[in-house]
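Student: I have a model open and do not know how to read it. Could we go through a few features one at a time?

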Amino acid sequence: MALRHAVLAALLDGEYSGYQLAKAFDIGVANFWHALPQQLYAELTKLEKEGLVCGRQVVQETRPNKRLFQVTDAGRAELEAFAETVAKPSFIRDDLLVKVQVADRIGTAPVIGQLEERASAAEAKIELLGKLLRQLRGDMDEEEFLLRGERIGPYLTCLRGLAFEQEHLTWCLRIAGILRERQSNHAER
């Protein structure tokens with residue numbers, strides 16, 4: 001998947017400025033695709049040149065003018081073609097795993113600290129995702145929303161993000177505990 005598809009997918013929910021897109025991206029799309037705001041702005045420019053999004057200038061009196069973007073029919077066709085392609089298998093690419101792999105050779109204290117930081121970050125993300133899921137559901141319980149909700153795509157990707165963060169939290173705490181215990185046992189010898 002290219003950034004273009006994630007941007008097009010985010011814009012399906014409405015007309016956004018680059019700033020609004022970055023905010024929406026950070027909350028909803030960040031579960032499965034990370035991008036910096038400057039990458040989003042650059043991608044919007046490319047997509048507009050290719051005719052996949054169209055932008056319009058909005059004049060504001062008390063603030064700088066802004067451009068709002070929306071997906072064009074060509075952009076929607078691009079997403080449809082993308083949806084029909086076979087998805088590549090996902091993989092883990094994480095520098096923390098390299099550090100864990102060599103922790104018993106180079107020292108565990110810094111790695112334990114980083115695992116605990118990641119666990120804290122995962123806890124914060126779990127709380128944020130839980131809040132987002134409740135917001136998306138509104139007054140419906142989850143099963144009712146999944147059967148009758150107006151737009152479940154963002155909800156489903158948020159569920160995946162939540163499961164990932166919960167598993168990541170569990171793993172980080174477990175590995176930090178194992179390394180701490182090994183460090184303690186090694187010190188006793």
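**Reading pockets, crossings and burial**

Tutor: The model is predicted. Start with the second largest pocket, whose lining has two nonpolar, five polar and three charged residues by class.

Student: How much space lies in the second largest pocket?

Tutor: A pocket can be described by its volume and by the residues around it. In this case the space is about 210 Å³. The lining of the second largest pocket is made of 10 residues, and Asp104, Thr108, Arg182, Gln183 and His186 are the ones nearest its centre.

Student: Which elements give two or more residues to that lining?

Tutor: Helix H5 (95-106) and H8 do. The largest share comes from H8, which supplies five residues.

Student: H8 has come up, so I would like to look at how it packs. At what angle do the axes of H6 and H8 cross?

Tutor: For two helices, read the approach of the axes, then the angle, then the handedness. Helix H6 covers residues 109-137 and helix H8 covers residues 153-188. Their axes come within 8 Å and cross at roughly 155 degrees. Angles over 145 degrees count as roughly antiparallel, so H6 and H8 are roughly antiparallel to each other.

Student: Is the crossing of H6 and H8 left-handed or right-handed?

Tutor: H6 passes H8 in a left-handed crossing. By class, their contact has 23 nonpolar, four polar and seven charged residues.

Student: What is the orientation of H1 and H4 to each other?

Tutor: Use the steps again. Helix H1 (residues 3-11) and helix H4 (residues 73-84) have axes that come within 10 Å and cross at roughly 120 degrees. That angle lies outside the ranges for roughly parallel, roughly antiparallel and roughly perpendicular, so H1 and H4 are oblique to each other. Their crossing is left-handed.

Student: How many residues of H1 are buried?

Tutor: Burial is read residue by residue and can then be counted over a helix. H1 is mostly covered, with eight of its nine residues buried. Those buried in H1 are Leu3, Arg4, His5, Ala6, Val7, Leu8, Ala10 and Leu11.

Student: Why does Ala176 count as buried?

Tutor: The cut-off for buried is under 20% relative accessible area. Ala176 has 2% relative accessibility, so Ala176 counts as buried. This residue lies in helix H8.

Student: Arg180 is in helix H8 as well. Is Arg180 buried or partly exposed?

Tutor: Arg180 is partly exposed, because its relative accessible area is 36%. Partly exposed is the class between buried, under 20%, and exposed, over 50%.

Student: What about Leu47 and Gly51, and where are they placed?

Tutor: Leu47 is in helix H3 (residues 37-49), and its relative accessible area of 0% makes it buried. Gly51 is in the loop between H3 and strand S2 (53-58). With a relative accessible area of 31%, Gly51 is partly exposed.

Student: How far apart in space are Gly51 and Thr72?

Tutor: Separation in sequence and separation in space are two readings, and each should be taken. Gly51 and Thr72 are 21 residues apart in sequence and 7.1 Å apart in space, C-alpha to C-alpha. For Ala176 and Phe164, the values are 12 residues in sequence and 18 Å in space, again C-alpha to C-alpha.

Student: And what are the two readings for Leu47 and Asp94?

Tutor: Leu47 and Asp94 are 47 residues apart in sequence, with 30 Å between their C-alpha atoms. Arg180 and Ala24 are 156 residues apart in sequence and 39 Å apart in space, C-alpha to C-alpha.

Notes. Residues numbered from 1 in each chain as written. Predicted model: local features only at pLDDT ≥ 70, side-chain atom pairs only at ≥ 80, totals over all residues. Heavy atoms only, no water. Axes fitted to C-alpha atoms, helices over the stretch in contact; angles between N-to-C directions. Helix = DSSP H or I, 4+ residues; strand = E, 2+ residues; numbered from the N terminus. Parallel < 35°, antiparallel > 145°, perpendicular 65-115°, else oblique. Left-handed = near helix turned anticlockwise from the far one by under 90°. Nonpolar A, V, L, I, M, F, W, Y, C, P; charged D, E, K, R; others polar. 1 Å grid on protein atoms, 1.4 Å probe; cavity = no way out; pocket = protein on both sides within 12 Å on 5 of 7 lines; lining within 4 Å. Points joined across faces, edges and corners; volume = space filled by probe spheres on them. Buried < 20%, exposed > 50% of the residue type's maximum accessible area, 1.4 Å probe, protein only.
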